[in-house]
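User: Please take a close look at the surroundings of the ligand in this model. Then work outward into the rest of the fold.

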Amino acid sequence: MTRSKRGERAERVATRIAVLGGGVSGLAAAFYARREYPEAEVVVLEASERFGGTVRTVAKDGFVLDLGPDALLTRKPAGLELCRILGLEHRLIARNPEGRAVYVRRNGELRRLPASMRMFVPLDESELRASGVLSAPGAARVFRGPLTAATGPGSVPGRRAADDESIEAFFSRRFGAEMYRYLAEPLTAGILGGDGSRLSMAANFGELVRLEREHGQIIPALRERFGGSAPPAGAAAESKAGSIAEQPAAAAAEKPLRGAAEQPAGADVFRSFPGGMCELTGALEEALREDEGCRLELNSRVAGIARGGRTVSPDSGLGAPAAGRSRWRVERAGGGSVEADAVICALPAYAASRVISSIDPELAPLLAETVYSRAAAVFLAIPTEAVAMDLSGSGYLVPRAEGGIVTACTWSSRKWPGRAPQGYELLRVFMAPPVGADRDAPADSPAVDIPGRGEPAARDASTPADAFEALTDGELIERALGELRETLGIRAEPRLAEVWRWDCGVANYTLGHLERRAEIERRLQQQSGLVAAGSALYGVGIPDCIRSAREAVDRLGTALAGLGTAI
Ligand SMILES: Cc1cc2nc3c(=O)[nH]c(=O)nc-3n(C[C@H](O)[C@H](O)[C@H](O)COP(=O)(O)OP(=O)(O)OC[C@H]3O[C@@H](n4cnc5c(N)ncnc54)[C@H](O)[C@@H]3O)c2cc1C
């Protein structure tokens, strides 16, 4: 009987690692697992018909539309390091030099974010006043500090409880309610979406919390840190309109990587690719496809995992008598299962909570506390000649205090080179339902496991969130065009108008996330060979996802020790 090389290999393989989810976290985990355990077979199970998850690019009529992320933050080394290993470094492109300014809309007018902003905080009072983003008393309040006196390093002035604090509470306490409403809220919402009164400051922007704890005062600490060699205007605080900002909580945990170059002082820290962000996930997928020791499964939705595969012993390999340890069995929703010695779960939190609930019911509610923001993005291609206003910058953010559903507008073709053919501008208008309408763990339907989706089925608009969801594509395009008319004075018919909805967009870490994550990790440690990676727990930026994937592979060490030698 003849058998394919791969078939022979499958029988001989002693060690198998199953990766659940084929977003950037799952793909990176598979990639690092193959490097770390070359003797192990890696199987990636992805529910949808494509890899990449939230990373999604569409190329159409010469336009490049990044439906999800459009920037890679290089200050966190994990992303850049992976690009180097994949040979993608030469494909990285920088933002247009004139595309770095970011604006905030206040009373219908665009006001440029102060160049002195670092980590959401303006450092120069006169510049903040001149920007008009805040009123004179609002600007003065930022620099007055918290309402109770600081008592020196290590203290947290004005803070009532040692518990976690919301993003809204932190910025309002430190810098005033107006600063939160017109600066911190649009900037943080531009990264996370969601409701700042529910989101954990420590889990999302832990570096500011740490600065406060260590120095007492934040502005002097930031001045000291960035003084003289600061990145260019607004770089450390940009979001949807600009680029996603650093996630300080995760950054603090990030180990420097060998060979990862320091960013030169003043350099722009954001990069993309000529073909959009899918170049990164595409390269990962290609590397895994070319690798004989990796199996990629699309349309392979994981329904659950359980112990109970055949047993493996270090001496005798797959199928040995029960003296060894029992393998994991990963059940596919469509039938059949995959046996594995180790499982890396890189699923969105709501999917992970269902998949893992059978092995530890306590894990499910902990994971389900990570909610997901909803948003819709409308991409409009407009003739350059129809744009009267000078679009020098990356775009603008719209504070919730301005009302309406538009939250940001990215001037994609000004921000990045090559996003639109000559003579056209590509603009991306983000919209979101009113705060408080985050996506809690959705019903168990395959459609909602997949980030992003098409036009919704008709439904009642009985709540503001439902009313948002019920908007048709045509209505969303009309709202986006209305925004361009009112704010930018653009009155052209678009050459292209595309809508994309993020039903479960960015993972939102609500109050108590860090404690829950510690408890999740404690419980996972009791499940030998089961580890988690990805945005559900470890930071939403792509570098965070990649770092968490690499660290998840590191954590497999004990579970896989001694296995794999039987090949
Ligand atoms: C609009 C938007 C803009 C963003 N902008 C930026 C940016 O500029 N820069 C940046 O760094 N980050 C940005 N982010 C965040 C970043 O894109 C995400 O946090 C990151 O891509 C998440 O990757 P992941 O692999 O952890 O999860 P996901 O991308 O959600 O991947 C999870 C995968 O699991 C699959 N899956 C789900 N259920 C199952 C199941 N039961 N079985 C098998 N597979 C399953 C899904 O189909 C999916 O492919 C943005 C996000 C959004 C939504």
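Analyst: Two residues are in contact if their C-beta atoms, placed from the backbone, lie within 7 Å. Count only the contacts in the protein with a separation of 6 or more: residues 24 or more positions apart account for 75% of them. Keep in mind that this is a predicted model. The chain has 567 residues, and 53% of them count as buried. Its secondary structure comprises 21 helices and 23 strands.

Now the ligand. There are 41 residues around it, and Gly21, Gly23, Gly53, Pro69 and Gly534 come nearest. By class, the shell holds 23 nonpolar, 14 polar and four charged residues. Three helices each supply at least two shell residues: H2 (24-36), H13 (349-356) and H20 (542-555). H2 gives the largest share, three residues.

Next, follow H2 and H20 to a neighbour. Helix H3 covers residues 77-85, and seven of its nine residues are buried, so the rest of the structure largely encloses it. The buried set is Pro77, Ala78, Gly79, Leu80, Glu81, Leu82 and Cys83. These residues pack against H2 and H20, and also against strand S5 (72-73) and helix H12 (278-289). H2 and H20 therefore appear in two settings: each supplies residues to the ligand shell, and each packs against the buried residues of H3. Just past the end of H3, Gly87 has a positive phi of about 75°.

Then the sheet. Five parallel strands make an open sheet, ordered S10-S2-S1-S15-S23. S10 (294-297) and S23 (530-532) are the edge strands; each has a single partner, so one side of each lacks a neighbour in the sheet. From one strand to the next, the twist averages 15°. Look inside the sheet at one pair. S1 (residues 16-20) and S15 (residues 342-345) run parallel and are joined by four bridges. Within this pair, Ile17 sits opposite Ala342 in S15.

Two backbone positions deserve a check. Most residues other than glycine have a negative phi. Asn107 departs from that, with a positive phi near 50°. Its place is the loop between strand S7 (102-106) and strand S8 (109-112). Asn107 has 7 other C-beta atoms within 10 Å, so it counts as exposed; the cut-off for exposed is 12 or fewer. Phe120 also has a positive phi, near 75°. This residue is in the loop between S8 and helix H4 (125-131). Here the surroundings are crowded: 26 other C-beta atoms lie within 10 Å, so Phe120 is buried. The cut-off for buried is 20 or more. One loop residue is exposed, then, and the other is buried.

Last, a helix pair. The axes of H9 (residues 206-215) and H10 (residues 218-226) come within 9 Å and cross at roughly 105°. Angles of 65 to 115 degrees count as roughly perpendicular, so H9 is roughly perpendicular to H10. On the H9 side, the contact uses Leu208, Leu211, Glu212 and His215. On the H10 side, Ile218, Pro220 and Ala221 meet them. By class, the contact has five nonpolar, one polar and one charged residues.

Key: Residues numbered from 1 in each chain as written. Predicted model: local features only at pLDDT ≥ 70, side-chain atom pairs only at ≥ 80, totals over all residues. Near = placed C-beta within 6 Å. Nonpolar A, V, L, I, M, F, W, Y, C, P; charged D, E, K, R; others polar. Axes fitted to C-alpha atoms, helices over the stretch in contact; angles between N-to-C directions. Parallel < 35°, antiparallel > 145°, perpendicular 65-115°, else oblique. Pairing = 2+ DSSP bridges.
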